[in-house]
Amino acid sequence: MCLAIPGKIIARFEESGLPMAEIDFAGARNRACLSYTPEAEVGDYVLVHAGFALQTLNEDEARASLIELSRLSSLMAADAESESGS
Amino acid sequence: MKYLTEYRDPRLARALLDEIAATVTRPWTIMEICGGQTHAIMRHGLDQLLPDAITLVHGPGCPVCVTPLETIDRALAIATRPEVIFTSYGDMLRVPGSADDLLRVKSRGGDVRMVYSPLEAIRLARENSDREVVFLAVGFETTAPGNAMALKQAVDTGLTNYSQLSSQVLVPAAMAAILAAPDNRVQGFLAAGHVCTVMGIREYLPLAERFGVPIVPTGFEPVDILRGILQTVRMLERGEHGVVNQYGRAVRDDGNSAARAVMHDVYAVCDRKWRGLGMIPRSGLDVREELAAFDAGKKFRVTDIVPAEPEVCIAGQILRGLKKPPECPAFGTDCTPMHPLGATMVSSEGACAAYHSYARKGLS
Amino acid sequence: MNDRAKFQGLNCPLPFLNHDTVQLAHGAGGRLSAELIEKMILPRFSSAELDCLEDQAVLDLPPGRVAFSTDTFVVDPIFFPGGDIGDLAVNGTVNDVAMSGAEPLVLSVGLVLEEGLPLADLHRILCSMERAARAAGVRMVTGDTKVVGRGSCDRIFINTSGLGVIPAGVSLSASSLQPGDAVLVSGTLGDHGMAVMSRREGLSFAADIRSDTAALNPLVRALLDGGAAVRALRDPTRGGLATTLNEFAAASRVGIELNEDAIPVRDEVRGACEILGIDPLCVANEGKLVAVVAGRDAETALATLLRHPLGSEARIIGRVLDTHPGLVVMRTALGAERIVDMPLGEQLPRIC
């Protein structure tokens, strides 16, 4: 379940008393309710499911996890190999 | 696409697969809870790429699949009524009840409308004050906050022509039921990442403790799923149990308390029957007693529901990870996505449907 | 500004009729029918045959095998980014005829109009058909108009049938695929289906996605003249690429293998598909073709397509095999294999 994808807030507005946002996903745009991420600002990335933003994406966590992954031994071995080969 | 493309990087996926292969020393059975994770695994062929020692079994994380037949029949009966505008997520439109489905009701003149956001149904209720708008609220904890906000809007603005038919389910109780079963084979779990964005990770700690298993909140892209599997395998190899978050960019320990607060305002935890699994105590969400005016199950008295499940269906065993779809005698013959016999074939997220679409006929 | 005023002063001004909307009498065969046909329809489709106003068109066709196709267009909404039902009605049948290798020559048009349809909308659609027919080099030679009561059809349904003659020596068929053949697409996939989806009720997504509706006969001509041995052509409309390739695999009893990385999809279409949980391989296209050519001619065919404006984003996306006959398989970006199935029915947005 739970098809939720990350998108960037490009505008905020209010509708029927609820905070809403226009969200961009690689050029396609959708609207989502920000009631559960009220502090999210234009430029932030949020996870959107069925028209609701459920969480802001944590840039630091994302970066940390990608760095951690890049340290996987086989990747480091492959990088070392290509460095010594070139 | 930021936060997506990086987690589909074949290089990173390959490195994770190598690391998993280097870590595993004996067979392990791991369950991914969420239908979306099943779908991703099948779509990217991850199960083919993992070492044979790892068996992935697919859990009951498909709210469409586990919606009881009675609920669908009830929904169909309500949708047929001339005064009703029946609204639903796209996922539920083709799900067959005992003898019918929502799209067929629509073709016969029923006012059935697909919505992407539950707020759309609120808008319809405001614009059509002479009609009764009913929303089929299915979903796990990921979808419940949105469903809840819609209901809260109806309550706060005093809408009298809006109600929800709730078929919402909660993950932890189902996991406990699976783990407690005497024939359980699951040794570790990939917890549903998007459920955890709402609920946080804390409610899984007692489960991990009680049953001595690793539970790893995991995302949905190939790199996320492989990260989750690697973490689970590492813990299994070391004999460790507990909850370790591998979807940190979206899951906070505490989840989203604002979402849970609204869920609590309008819904109450209840016992829920899961199609294929039977009754699981405290595993569902119902509209609160005091909000009965917004509960379509109470607003529309529907009787004469006698659901009829085909006997040959082994969905229950599949949802508990005891069998795989190809082991079912009806798989691909009497039971296909075109004419599904049971829970796990009815939705594209269901294990049987995913197998049939992506992996049937024994590709080498 | 009312609709009538909108069209004044343009190249295609709305003719003056006594009504703003289609009336039942417009289909009854009397004076009002004649007025609709003479003032609104005939001026758009003028041809030697049509202007005779006989009950039938008498044609002198060049010698050769005749390709004949029919299709009925019921798309909702009738106006969408990049085109309308009129464009589809012309291009769709032109393309079906062209996929046999034939040069499309003539079309028939059958209109079913719902009582109450604004005449300005009808006019806009007829103008689109006129433009599309001119671009494709086909003429309307016969037609029919009916009006049905309110609620009996969804605004307008259009049937077009088309004829073309297949040049000598050209023989294309879905059953002609051979192991070793190459599979190509002429451009990005999913544009039309997602453009239409973006106007669907109940969804709030928007995107700069335009339908790719286009007449492909010039591209087909270029490909056939370009030197490659072409086995089969098809335009992947309803059901998308997945359906077309499964049809090919079944008809020829061969396997097809695709390379996921090679399949061209615009970023916005991919984004829209991610939002709604839809597979771009299953989404309709109205201005693209799938070509299967002899393996040795793959690069030649690709170069021919790329040189043409309608094929500027063409790619080689896969090949034909003698393993797993009838199945279409895709090699994923991660190097695994999965089946590409035909979709069950219309792709519905999902939240699960």
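Q: In this predicted model, how far apart are the end C-alpha atoms of helix 8 (residues 240-252) of chain C?
A: Helix 8 of chain C has 13 residues. At 1.5 Å a residue, the expected span is 18 Å. The distance in the model agrees with that, at 19 Å.

Q: Is helix 8 of chain C largely enclosed or largely open, and how many of its residues are buried?
A: Buried residues of this helix include C:G240, C:L241, C:F248 and C:S252. The helix is largely enclosed by the rest of the structure, because the buried count out of 13 residues is 10.

Q: Which strands of chain C help cover the buried residues of helix 8 of chain C?
A: The buried residues to be covered include C:A242, C:T243, C:T244 and C:L245. The cover includes strand 7 (182-185), strand 9 (230-234), strand 10 (255-259), strand 11 (290-293) and strand 13 (328-331) of chain C.

Q: Which residue just after helix 8 of chain C takes a positive phi?
A: Helix 8 of chain C covers residues 240-252. Just after it, phi is about 55 degrees, at C:R253.

Q: Which strands pair with strand 4 (residues 103-114) of chain C, and in which sense?
A: Nine of the 12 residues of strand 4 of chain C are buried, so the strand is largely enclosed. C:G110 stands opposite C:N159, within an antiparallel pairing over 10 bridges with strand 6 (residues 156-166) of chain C. C:V106 stands opposite C:R139. That pair belongs to strand 5 of chain C, and the pairing over nine bridges with strand 5 (residues 139-148) of chain C is parallel.

Q: Which are the edge strands of the six-strand open sheet in chain B?
A: The strand order is 4-3-5-6-11-10, with mixed pairing. The twist averages 25 degrees from one strand to the next. Pairing on one side only marks the edges: strand 4 (111-114) and strand 10 (267-274) of chain B.

Q: Which residue of strand 4 of chain B stands opposite B:I85?
A: Strand 3 (residues 84-88) of chain B pairs with strand 4 of chain B in the parallel sense, over four bridges. Opposite B:I85 in strand 4 stands B:D111.

Q: At what angle do helix 7 (residues 119-127) and helix 8 of chain B pack?
A: B:L119, B:A121, B:I122 and B:A125 in helix 7 meet B:A150, B:Q153 and B:A154 in helix 8 of chain B. These contact residues divide into six nonpolar, one polar and no charged. The axes lie 8 Å apart, and the packing angle is about 25 degrees. Angles under 35 degrees count as roughly parallel, so the two helices are roughly parallel.

Q: At what angle does helix 7 of chain B run to strand 5 of chain B?
A: Helix 7 lies across strand 3, strand 5 (132-139) and strand 6 (162-169) of chain B. To strand 5 of chain B, the helix runs at about 170 degrees.

Q: Which helix supplies the largest share of the side of chain B that touches chain A?
A: Contact involves 41 residues of chain B and 30 residues of chain A. Helices 1, 2, 8, 10 and 13 of chain B each supply at least two residues of that side. By class, the side has 22 nonpolar, 12 polar and seven charged residues. The largest share, six residues, comes from helix 1 of chain B.

Q: Which strand gives the most to the side of chain C that touches chain B?
A: Here 21 residues of chain C contact 37 residues of chain B. The chain C side has 12 nonpolar, five polar and four charged residues. With three residues, the element that gives the most is strand 14 (residues 337-339) of chain C.

Key: Residues numbered from 1 in each chain as written. Chains lettered and ligands numbered in written order. Predicted model: local features only at pLDDT ≥ 70, side-chain atom pairs only at ≥ 80, totals over all residues. Contact = placed C-beta atoms within 7 Å. Nonpolar A, V, L, I, M, F, W, Y, C, P; charged D, E, K, R; others polar. Axes fitted to C-alpha atoms, helices over the stretch in contact; angles between N-to-C directions. Parallel < 35°, antiparallel > 145°, perpendicular 65-115°, else oblique. Pairing = 2+ DSSP bridges. Expected span 1.5 Å × (residues − 1). Buried ≥ 20, exposed ≤ 12 C-beta atoms within 10 Å, placed from the backbone.
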